[in-house]
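Me: I would like a close look at a single part of this model, namely the surroundings of its bound ligands. Please give one connected account.

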Amino acid sequence: MRILHTSFECYPVAKVGGLADVVGSLPKYQNELNNEASVVMPYYNNKYVNKSQLTDVYKGSIQLAAVSYEFQVKQLKSKDFNFNLFVISIVGLLDRENVYGYEDETNQYIAFQLSLLDWILHNKEKPEIIHCHDHHTSLIPFFMKYCNAYVTLKEIPTVLTIHNAQYQGHFSFDKLNLLPSFNHNDIGVLDWYGSINPMATAIKCASKVTTVSPSYMEELKEKANGLEGLLRSEKDKCIGILNGIDTNVWNTETDPLLAKNYTQSTIVSGKKANKKVLCDTYGLNPELPLFGFIGRLVGEKSADLLPSVFKEVLTNQEINILVLGSGHQEIEIQLEALKNEFEGKYNVYIGYDEKLSHLIYAGADFLIMPSRVEPCGLNQMYSLRYGTIPIVRRTGGLKDTVIDIGDNGFGICHDQASVWDISYSINRAVGLYTNTKLFKKTQKQIMKIDNSWNNSAQEYINLYKSI
Ligand code: ADP
Ligand code: GLC
């Protein structure tokens, strides 16, 4: 089957979070199942793209209100992936260094989607499925169904995957003139609570809607930033499919970013060597259990609670904590401020660092993930694969992938996003760490869990076949 994934992120070309990991790995696994999956994303003026080989594929032009833009589709070739990857560049709009954060982002999103459709229109071989990821590319199903220019693409089935319903991309009807022409009787399809809401529009127009875990789909029907009623009324086309991980990239035996590679049988010495490097670099004590946190420092991840949690547990327990992340400045400042108070037991790296993240998954004893909202979460799956016991709040994908050790499982789970509950879980983890036999047995056990894409990649294919 010819599948076209459309996304603003794709690892290793451009990554902000888990969206990139999914779009960079699902097509690989789909191709291993004898499909022809490709990815189209914007062109970024970043290190990875600049060192890559780009071949011109197509040139065209699009119109945004009164301005017309020339765009170029180029194929980016690399040994890093086994699927075709195309980037779309537009001088002054889709040629920037960062993925998000620009004032004219709505124009960027619309221009990308229109260029993509224009290219497909002129391409002889059409995709058999267009799979849109998150709100940045979720006007595509509307354009294909309702806009005169793309009416010949109407029959191609579309899938929307919601990676995060917090961000819906809505913008004011004042910008309606940025969209291509359609019959104004259909204007209600774009409308959700008085603004143009791309995610809501795709929930209405796409052939199928997926979320990245079954539990998150159920949660969204109750609470989805205003989309809950819509998801309930469209429930027959909605399904939760759990993300997988790329077990070739996330492989302790071969991961080039680790200080020492290891297997299930060399886990003790392997993790010890990685922990030592982390402790030496960040001034921590390798004799104490090491708790890691990796992620965006935002409310969704309960990052605002972390400074109080860390103060509490570092005061009462002999443990190390190492944090890697960036986000709200207020949280960054509070996390930095703890460094002086708990020197030798605590450190934080504010920023994005792929190598450090791999080292933490390998060298930490526990990974803290107390998210308020977690559509799927990949960190807990990486940490399981690297033999690091996850401490999670039972929500979304965390609930679907981690079972508490008290329920014959392998992780530590709690229900509330509160300082008390998170601290209590960390205290339970310290208890587990001191039970050396059970701790080591659990470490080995979790490395064996199969969270690869093998199952879910096939589930997506079955879904495509159904439409
Ligand atoms: P989300 O997409 O909501 O941020 P996920 O758990 O799905 O959360 O994915 C996060 C991905 O981003 C993981 O691959 C994680 O290792 C990575 N990541 C998050 N923050 C950082 C950081 N500061 N440095 C390096 N990698 C990070
Ligand atoms: C989003 C979600 C995260 C999920 C990722 C990949 O960023 O916040 O939970 O794992 O998408 O689907």
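Which ligand has an oxygen atom 2.8 Å from a backbone N or O atom of G377?

Reply: The ligand in question is ligand 2: one of its oxygen atoms lies 2.8 Å from a backbone N or O atom of G377. The model is a predicted one, and the distances below should be read accordingly.

The backbone contact at G377 is accompanied by another at C376, where a backbone N or O atom lies 3.0 Å from an oxygen atom of ligand 2. A side chain also takes part, since a polar side-chain atom of E374 is placed 2.4 Å from an oxygen atom of ligand 2. Of the 310 Å² that ligand 2 exposes when taken alone, the protein buries 92%.

The shell behind these contacts holds 13 residues, and the closest are H163, N243, E374, C376 and G377. By class, the shell around ligand 2 comprises 6 nonpolar, 5 polar and 2 charged residues. Among the secondary-structure elements, α1 gives the most to this shell, with 3 residues. At the level of domains, at least three residues of the shell around ligand 2 are drawn from domain 1 (2–244 + 454–466), and at least three from domain 2 (267–447).

Ligand 1 may be described in the same terms. Its surroundings consist of 20 residues, of which K15, G18, D21, R296 and Y361 come nearest. Two side chains make polar contacts with ligand 1: an N or O atom in the side chain of D21 is 2.8 Å from an oxygen atom of the ligand, and an N or O atom in the side chain of R296 is likewise 2.8 Å from an oxygen atom of ligand 1. The backbone contributes through L378, a polar backbone atom of which is 2.9 Å from an oxygen atom of ligand 1. On its own, ligand 1 has 570 Å² of accessible area, and the protein covers 93% of this.

The shell around ligand 1 divides into 6 nonpolar, 8 polar and 6 charged residues. At least two of its residues come from each of α1 (18–32), β12 (290–297), β13 (320–327), α11 (354–363) and α12 (379–385). Because domain 1 (2–244 + 454–466) and domain 2 (267–447) both give residues to the shell around ligand 1, this ligand lies between them.

To return to the residue of the opening question, G377 is among the closest residues to ligand 2, and its contact with that ligand is made through a backbone N or O atom.

Conventions. Residues numbered from 1 in each chain as written. Chains lettered and ligands numbered in written order. Predicted model: local features only at pLDDT ≥ 70, side-chain atom pairs only at ≥ 80, totals over all residues. Heavy atoms only, no water. Near = heavy atom within 4 Å. Polar contact = N/O pair within 3.5 Å; in protein donor to acceptor, adjacent residues only side chain to side chain. Areas by Shrake-Rupley, 256 points an atom, 1.4 Å probe, with all protein chains shown as cover. Helix = DSSP H or I, 4+ residues; strand = E, 2+ residues; numbered from the N terminus. Nonpolar A, V, L, I, M, F, W, Y, C, P; charged D, E, K, R; others polar. Domains from an automatic or database assignment.
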